[in-house]
Amino acid sequence: QVQLVESGGGLVQAGGSLRLSCAASGSAWFSIDVMGWYRQAPGTQRDLVASIAREGYTNYADSVKGRFTISRDNAKAKTTVYLQMNSLKPGDTGVYYCNSVRMATIERDWGQGTQVTVSS
C-alpha cells in the first residue's frame with residue numbers, strides 16, 4: 001500500500017513561483033520506482049508534467065522545461081517528491097496530482113490533487 005499526500009498549491013500571479021510537495025508512505029513506499037506530477041485543467045485530460053525515477057532520471061513536458069524542476073528525497077519510512085515551479089503562466093493552471101508507480105507489481109497510486117491557479 002502507498003499513500004500520497006500533496007501540499008503546496010495556491011494562487012499566484014504570472015511570473016511567480018510555487019513549490020509542490022508529495023509525501024509517499026505506507027507499507028510499500030520503498031518499492032516505488034517512479035514518481036511524477038500530472039496536471040488536469042477543466043475539461044481536459046490529465047497530462048504528465050514531470051517525473052523522476054528511483055535512479056534520479058527526470059522527464060519533463062516540453063511546456064515546462066526550463067521552468068519546473070522535479071526532485072526526490074528518500075528518508076526513513078517515506079519518500080518525498082517536490083516540484084519547483086518558476087515563471088508560472090496562466091496555462092499552468094490546473095489540479096496537480098502526485099503519482100507513483102511500482103513496476104514489480106504494476107501498480108499506480110494517486111494523490112488527492114492540489115489546485116494551482118496562475119492569474120494574469
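1. Aromatic rings. Rings of Phe, Tyr and Trp (for Trp, its six-membered ring) are taken as a pair if their centres lie within 6.5 Å; planes under 30 degrees apart count as stacked, over 60 as edge-to-face and the rest as tilted. On that rule, Tyr38, Tyr97 and Trp110 are linked by ring pairs into a cluster. A search of the whole structure gives three aromatic pairs. Between Tyr97 and Trp110 the centre-to-centre distance is 6.4 Å and the planes stand at 90°, an edge-to-face pair. Tyr97 belongs to strand β9 (residues 94–102) and Trp110 to strand β10 (residues 107–110), so this pair ties together parts 13 residues apart in sequence.

2. Basis of the values. The model is predicted: local features need pLDDT of at least 70, side-chain atom pairs count only at pLDDT 80 or more, and totals for chains, interfaces and linings use all residues. Residues are numbered from 1 along each chain as its sequence is written, and side-chain values use heavy atoms, with hydrogens and water left out.

3. Secondary structure. The protein has 11 strands and zero helices. Helices (H or I, at least four residues) and strands (E, at least two) are DSSP runs, numbered from the N terminus. The pattern along the sequence is therefore written β-β-β-β-β-β-β-β-β-β-β.

4. Overall dimensions. The radius of gyration is 14 Å, which agrees with the value near 14 Å for a compact globule of 120 residues. This radius is taken over C-alpha atoms, and the globule rule is 2.2 Å times the number of residues to the power 0.38. Along the principal axes, the C-alpha atoms fill a box of roughly 40 × 25 × 25 Å.

5. Surface and contacts. About 6200 Å² of the protein is exposed, and carbon and sulfur atoms supply 51% of that area. Accessible areas come from the Shrake-Rupley method with a 1.4 Å probe; for residues, only the protein chains shown count as cover. Of the 120 residues, 44% are buried. Buried means under 20% relative accessible area, exposed over 50%, and partly exposed in between (1.4 Å probe, protein chains only). A contact means heavy atoms within 4.5 Å. Among contacts between residues at least 6 apart in sequence, 55% join residues at least 24 apart.

6. Charge. There are 12 positive and 9 negative side chains, and the centres of the two sets lie 4 Å apart. Lys and Arg count as positive, Asp and Glu as negative; His and the chain ends are not counted. Each charge is placed at NZ of Lys, CZ of Arg, CG of Asp or CD of Glu.

7. Exposure of the paired rings. Is Tyr97 buried or exposed? Tyr97 is buried, at 15% relative accessible area. Its partner Trp110 is partly exposed, at 33%. Phe30, at 52% relative accessibility, counts as exposed.

8. Positive phi outside glycine. Ser87 has a phi near 50°, a positive value in a residue other than glycine. Ser87 sits in the loop between β8 (78–85) and β9, and with a relative accessible area of 40% Ser87 is partly exposed. Ile106 also is not a glycine and has a positive phi of about 50°. Ile106 is in the loop between β9 and β10 and counts as exposed, at 77% relative accessibility.

9. Two aspartates in loops. Asp33, in the loop between β3 (18–25) and β4 (34–40), is buried, with a relative accessible area of 19%. Leaving out residues up to four places away in sequence, Asp33 touches Ile52, Ala53, Arg54, Arg72, Val101, Arg102, Met103 and Ala104. Asp92 is in the loop between β8 and β9 and is buried at 3% relative accessibility. With residues up to four places away in sequence not counted, Asp92 touches Arg39, Arg67, Phe68, Ser87, Val116 and Val118. The C-alpha atoms of Asp92 and Ala41 are 8.5 Å apart, although the two residues are 51 residues apart along the chain.

10. The start of the chain. Gln1 lies in the segment before β1 (3–7) and counts as exposed, at 60% relative accessibility. Gln1 nevertheless touches Ser25, Gly26, Ser27, Ala28, Trp29 and Arg102, not counting residues up to four places away in sequence. From Gln1 to Ser31 the C-alpha distance is 9.9 Å, at 30 residues apart in sequence.
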